[in-house]
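Thanks for coming. I will go through one structure, starting from a single residue and working outwards.

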Amino acid sequence: MTDMPLIDKASFEEARSMMKAKFPAILQYFLEDAEGYIGAIRKGVAAGKSVEIFPSAHSLKSSSRQLGAIRLSELAKELELLARNQVESGKEEMRPLGDLLANLEQTFQATRLALKDAAWARRVFALRRHVFRGLWQRLPTIIGLARLKSVRSASRCSRFVAERKSTRMNSSHI
């Protein structure tokens, strides 16, 4: 499971392109809801009731998959199946569920950081691209002003040199 990436970039980008400007808010809702689902799973494990675990695990599995958090989704799927099998068999063994829960919580923390980093990196890249595009569009104006300034400076410089030469010449004739 650890060889599986935290985030499937294609799914993440697809979700971002579908949700457009609402994506940051949706991402925040997902992170808040995921914490709630994990809290409900934790309560179910602590109470020893598998029936309380699998609905939250199922919801976490589905919402994680939609945003591209595939490792989290796969762990939630395993947890859901194990809890569902325990309910159907009538066995309430919490140790395997507790172990999966610990792994799920660690993966969620790593996924949270990865999702925020991916969302932030994309925002920074878009901002840099926007700024660069604006600069590129203004570049002819900037170059023109620089040339004008250098021409003005050159003409001032040549006038200064000419004035100095004339004052030298005038003072040498006196």
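**One residue, then the chain**

Glu 105 is partly exposed, because its relative accessible area is 24%; partly exposed is the range between buried, under 20%, and exposed, over 50%, with a 1.4 Å probe and protein chains only. Before going on, the source: this is a predicted model, where local features need pLDDT of at least 70, side-chain atom pairs count only at pLDDT 80 or more, and totals for chains, interfaces and linings use all residues. Residues are numbered from 1 along each chain as its sequence is written, and side-chain values use heavy atoms, with hydrogens and water left out.

Glu 105 sits in helix α5, residues 94-173. Helices here are DSSP runs of H or I, at least four residues, and strands are runs of E, at least two, numbered from the N terminus. Outside its neighbours within four places in sequence, Glu 105 contacts Ile 38 and Arg 42, contact meaning heavy atoms within 4.5 Å. From Glu 105 to Leu 75 it is 30 residues in sequence and 9.8 Å in space, C-alpha to C-alpha.

Leu 75 is one of the buried residues of α4, which also include Ile 70, Leu 72 and Leu 79. How far should α4 span? With 20 residues, 70-89, at 1.5 Å a residue, the expected figure is 28 Å, and the end C-alpha atoms are 28 Å apart, which agrees; the expected span is 1.5 Å times one less than the number of residues. After α4 comes Gly 90, with a positive phi near 85 degrees.

Overall, the protein chain has five helices and zero strands. Of its 174 residues, 29% count as buried.
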